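Take a look at the model below. Then read on for a short tour, from the ligand site to a single helix and a single residue.

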Amino acid sequence: MADNGLMTDASDVPEVRLAGGVAMPMVGFGTWPLRGHKACEAVRTALQAGYRHIDTATMYANEADVSHALRDSELLRQEIFLTSKLRASDVGRPREVLAGELRALGTEYLDLWLVHWPPRDARASVQVWRELLTLRDEGLARAVGVSNYSLAQIDELTEATGEAPAVNQIHWNPRRYDAGLLEGLRLRGVVVEGYSPLKDTNLNDPVLTEIAWAHSVTPAQVVLRWHLDHQVAVVVKSADPKRIAANLNLFGFSLDADELAQIDALAAR
Ligand SMILES: NC(=O)c1ccc[n+]([C@@H]2O[C@H](COP(=O)([O-])OP(=O)(O)OC[C@H]3O[C@@H](n4cnc5c(N)ncnc54)[C@H](OP(=O)(O)O)[C@@H]3O)[C@@H](O)[C@H]2O)c1
């Protein structure tokens, strides 16, 4: 099925509703550590393959390349879901950084803006969260959230402002499966978005290869589908056109409860 270079119809990619009603495609195209021509080429290929959610960050320094690919695609701005992230070292000046980010990306707004890592000082964390909410209310980002935050750090933000982050983007893959964390984020209304789904996964693990064989897909596709079947959004990067396409081609199969449980159990090994 899916390790060929077939395009996926963008409308087949499920969306998740973030707090506030913004719809986010559940598979995003990761752009780290791509820069320059490689970044532009990969994003262009991803858009052609059907991705409509692109993940960048100030830290990645590839906004101009992403912008170039978006322009070349001739897609309308509202057809794209664009995420960027504020470096922890920039938390003292979010307005200025966001203005630069929007300029570099050639857009008037982000769909999702995340604090990339929690600042060490909890007061700075609450302060920057307040400012993100203000910038969102001004229309510069449709939704705001965090990345790499613990439940306790999320609770601090919510208690101080009455608003939880829309998303927590976290390192997630079968070996990191943690039902308690997923449930904790769900109870708080925070959508979980996993990054580095494949990089730290043993794609030769017999659990994954056997499930892949049963569905005529690749182990990488099984891992990505496992995210979706747990209602976890996923950001995946590739610079290889075939893998870019295959990583989005996830909608001709799904995992049953037994298969999900086998993959969940990889975390206990
Ligand atoms: N919030 C954060 O702190 C944070 C941290 C890290 C990453 N991220 C975001 O998440 C995105 C994804 O994470 P990541 O890039 O670290 O990890 P990843 O997407 O899990 O893995 C990327 C690596 O896997 C390879 N790959 C891709 N598809 C494959 C496939 N089907 N089969 C085998 N290998 C495959 C890629 O090589 P090829 O390019 O050669 O295909 C690349 O080496 C990043 O690009 C970034 O946007 C966020």
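## The ligand site

How far does a polar side-chain atom of Ser147 lie from a nitrogen atom of the ligand? The distance is 2.8 Å. Keep in mind that this is a predicted model.

Two further polar contacts involve oxygen atoms of the ligand. In one, the partner is a backbone N or O atom of Leu198, at 2.6 Å. In the other, the partner is an N or O atom in the side chain of Ser238, at 2.5 Å. The ligand on its own has 900 Å² of accessible area, and the protein covers 82% of that. In total, 26 residues surround the ligand. The closest are Asp55, Ser196, Leu198, Ser238 and Arg243.

## The whole chain

The protein chain has 10 helices and 10 strands. Its C-alpha trace spans about 50 × 40 × 30 Å along the principal axes. The radius of gyration is 18 Å. A compact globule of 269 residues would have a value near 18 Å, so the two agree.

Of the 269 residues, 55% count as buried. The chain exposes about 12,000 Å², and carbon and sulfur atoms supply 50% of that area. Now take the contacts between residues at least 6 apart in sequence. Of these, 74% join residues at least 24 apart.

## A helix with two sides

Helix α7 runs through residues 206-215. Its buried residues are Val207, Leu208, Ile211, Ala212 and His215. They cover an arc of only 125° around the axis, so they sit on the same side of α7. The buried residues pack against α8 (219-229) and α10 (257-264). On the other side of α7, Glu210, Trp213 and Ala214 are exposed.

Both ends of the helix deserve a look. Asp205 caps the N-terminal end of α7. One of its side-chain oxygens lies 2.9 Å from the backbone nitrogen of Val207. After α7 comes Ser216, whose phi is positive, near 55°.

## A buried asparagine

Is Asn168 buried or exposed? Asn168 is buried, because its relative accessible area is 0%, and the cut-off for buried is under 20%. Asn168 lies in strand β8, which covers residues 167-171.

What does the side chain of Asn168 reach at 2.8 Å? The partner is the backbone oxygen of Tyr149. Leaving aside residues up to four places away in sequence, Asn168 touches several others, among them Ser147, Tyr149, Ile154, Leu185 and Val191. Ser147 thus links back to the ligand site: a polar side-chain atom of Ser147 lies 2.8 Å from a ligand nitrogen.

Technical notes:
Residues are numbered from 1 along each chain as its sequence is written. This is a predicted model: local features need pLDDT of at least 70, side-chain atom pairs count only at pLDDT 80 or more; totals for chains, interfaces and linings use all residues. Side-chain values use heavy atoms; hydrogens and water are left out. Helices (H or I, at least four residues) and strands (E, at least two) are DSSP runs, numbered from the N terminus. Buried means under 20% relative accessible area, exposed over 50%, partly exposed in between (1.4 Å probe, protein chains only). A polar contact is a pair of N or O atoms within 3.5 Å; within protein, one must be able to donate a hydrogen and the other to accept it, and residues adjacent in sequence count only if both atoms are side-chain atoms. Contact means heavy atoms within 4.5 Å. The arc is that of the directions from the helix axis to the C-beta atoms. A residue is near a molecule or strand if one of its heavy atoms lies within 4 Å of it. Accessible areas come from the Shrake-Rupley method with a 1.4 Å probe; for residues, only the protein chains shown count as cover. The radius of gyration is taken over C-alpha atoms; the globule rule is 2.2 Å times the number of residues to the power 0.38.
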